[in-house]
Amino acid sequence: AKAMEGPISAHWDAANGVIKASMTPHGGPQKYLELDSAVHLGVLYGYNDDNFYGPTSDQVLSTVAKLKEVMYTDGMYPINAKDDVKGVPGMLIGRYPNDTYDGYETGSVGNPWILCTQSLAELQYRAAAKLVKDAEATGDLHFNMTKDNEQFYQGILYPRGYNGLLRAGEALHAGAVALALIEDADGMLERAKSHIKGNNFHMSEQLNIDTGYEQGANDLTWSYGTLFGALAARKTAIASLA
C-alpha cells in the first residue's frame with residue numbers, strides 16, 4: 001500500500017484544490033477539472049485507517065467542497081433548486097460535471113445519482129466519527145482549519161448559524177463540527193429519500209435532473225448498499241458523540 005501513495009498523491013491538483021480522478025490525457029470523456037464522485041467512493045472503499053487520504057484528509061475535503069460547489073451551488077441540477085424551494089434539506093450529487101449518460105444512453109445529459117449522494121453522506125459521517133476519535137486520542141478537542149479544508153468547513157458551518165471567523169488557522173471544536181457534519185449528511189439522505197418514497201422506496205440508478213423521478217437501472221444494488229453503508233456510519237458517528 002505504501003508503494004501506491006506516491007502515484008496516488010500525483011493526482012492532487014493544488015491549483016484547483018481537486019484530487020483528479022484520472023490523469024490527463026486519458027481515454028473517454030475529459031472531465032471538468034477531472035472532478036468525479038469516484039474520489040469519495042475510493043476513500044470509502046480504499047481507506048486503510050493509515051491517515052492517507054482518509055475521510056478528514058484536507059485534500060479529500062477540498063475535492064468534496066469543489067464537487068458540491070459545481071453540482072449544487074452553481075446550479076448544475078435544476079431539481080436541487082426546486083427541492084430548496086420546497087424546503088427539502090440536503091443536496092443531490094451526480095458522477096461528474098459533464099456527464100452525458102442519462103441512465104439509458106450516452107450523448108444526453110447526466111443526472112444526480114442516488115449512490116453518489118448517499119455515499120457522500122457516508123463520507124461525512126465517517127469524517128465526523130474520525131474528528132471525535134482523533135480529538136480523544138490527542139486530548140485536544142480543537143483542530144485548525146487549513147487553506148485546503150477551508151471551503152469545505154465553511155460550507156458545513158455557515159448554513160448552520162456559525163458566526164465566527166472561518167479561515168485557515170482558526171481553531172474549530174471537533175465535537176461541534178462533527179455534529180454539523182452529521183446534520184449535513186442527514187440532509188443528503190433525506191433529499192434522496194424524498195425522491196424514492198413515491199416508488200415504494202425502490203432505488204434506481206439516477207434521479208432526473210429536472211423532475212427528480214427515478215430513471216436508469218432499476219433496483220440498483222449499489223444504491224441500496226450506499227444507504228446501508230451510510231446508516232452504519234451514522235450510527236458510529238452518533239455513538240462517538242455520546
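**Exercise 1. Work out whether Tyr-53 is buried or exposed in this predicted model.**

Solution. Start with the number: Tyr-53 has a relative accessible area of 12%. Buried means under 20%. So Tyr-53 is buried.

**Exercise 2. Find how many aromatic pairs there are, and classify the pair made by Phe-52 and Tyr-53.**

Solution. Let's take the count before the geometry: there are three aromatic pairs. Now look at the rings of Phe-52 and Tyr-53, whose centres are 4.8 Å apart. Rings pair if their centres lie within 6.5 Å, so these two make a pair. Next comes the angle: the planes are at 25°, and planes under 30 degrees apart count as stacked. That's why the Phe-52 and Tyr-53 pair is stacked.

**Exercise 3. Do the same for Phe-152 and Tyr-153, then say whether each residue is buried or exposed.**

Solution. Step one is the distance, and here it is 5.2 Å centre to centre. Step two is the angle, with 75° between the planes. Angles over 60 count as edge-to-face, so that is the label for Phe-152 and Tyr-153. Step three is accessibility. Phe-152 comes out at 3% and Tyr-153 at 2%. Phe-152 is buried, and Tyr-153 is buried too. One last thing to spot: Phe-143 joins Phe-152 and Tyr-153 in one aromatic cluster.

**Exercise 4. Place Lys-66 in the structure and decide whether Lys-66 is buried or exposed.**

Solution. First, find the element: Lys-66 sits in helix H3, which covers residues 58-73. Then check the accessibility, which is 16%. With the cut-off for buried at under 20%, Lys-66 counts as buried. So who's touching Lys-66? Skip the neighbours within four places in sequence, and the contacts are Asn-16, Val-18, Leu-33 and Leu-35.

**Exercise 5. Describe the largest cavity: its volume, its lining and the elements that supply the lining.**

Solution. Begin with the count, which is one cavity of 30 Å³ or more. The largest cavity has a volume of about 30 Å³. Now list the lining residues: Asp-36, Val-39, His-40, Val-60, Thr-63, Val-64 and Leu-67. Two elements each give two or more residues to this lining, helix H2 (38-46) and H3. H3 provides the largest share, four residues. Finally, sort the lining by class: four residues are nonpolar, two are polar and one is charged.

**Exercise 6. Find which lysine lies over the face of Tyr-96.**

Solution. Look above the ring of Tyr-96 and you'll meet Lys-31, at 4.5 Å from the ring centre.

Note on methods:
Residues numbered from 1 in each chain as written. Predicted model: local features only at pLDDT ≥ 70, side-chain atom pairs only at ≥ 80, totals over all residues. Heavy atoms only, no water. Phe/Tyr/Trp six-rings, centres within 6.5 Å; stacked < 30°, edge-to-face > 60°. Buried < 20%, exposed > 50% of the residue type's maximum accessible area, 1.4 Å probe, protein only. Lys NZ or Arg CZ within 6 Å of the ring centre and 35° of its normal. Contact = heavy atoms within 4.5 Å. 1 Å grid on protein atoms, 1.4 Å probe; cavity = no way out; pocket = protein on both sides within 12 Å on 5 of 7 lines; lining within 4 Å. Points joined across faces, edges and corners; volume = space filled by probe spheres on them. Nonpolar A, V, L, I, M, F, W, Y, C, P; charged D, E, K, R; others polar.
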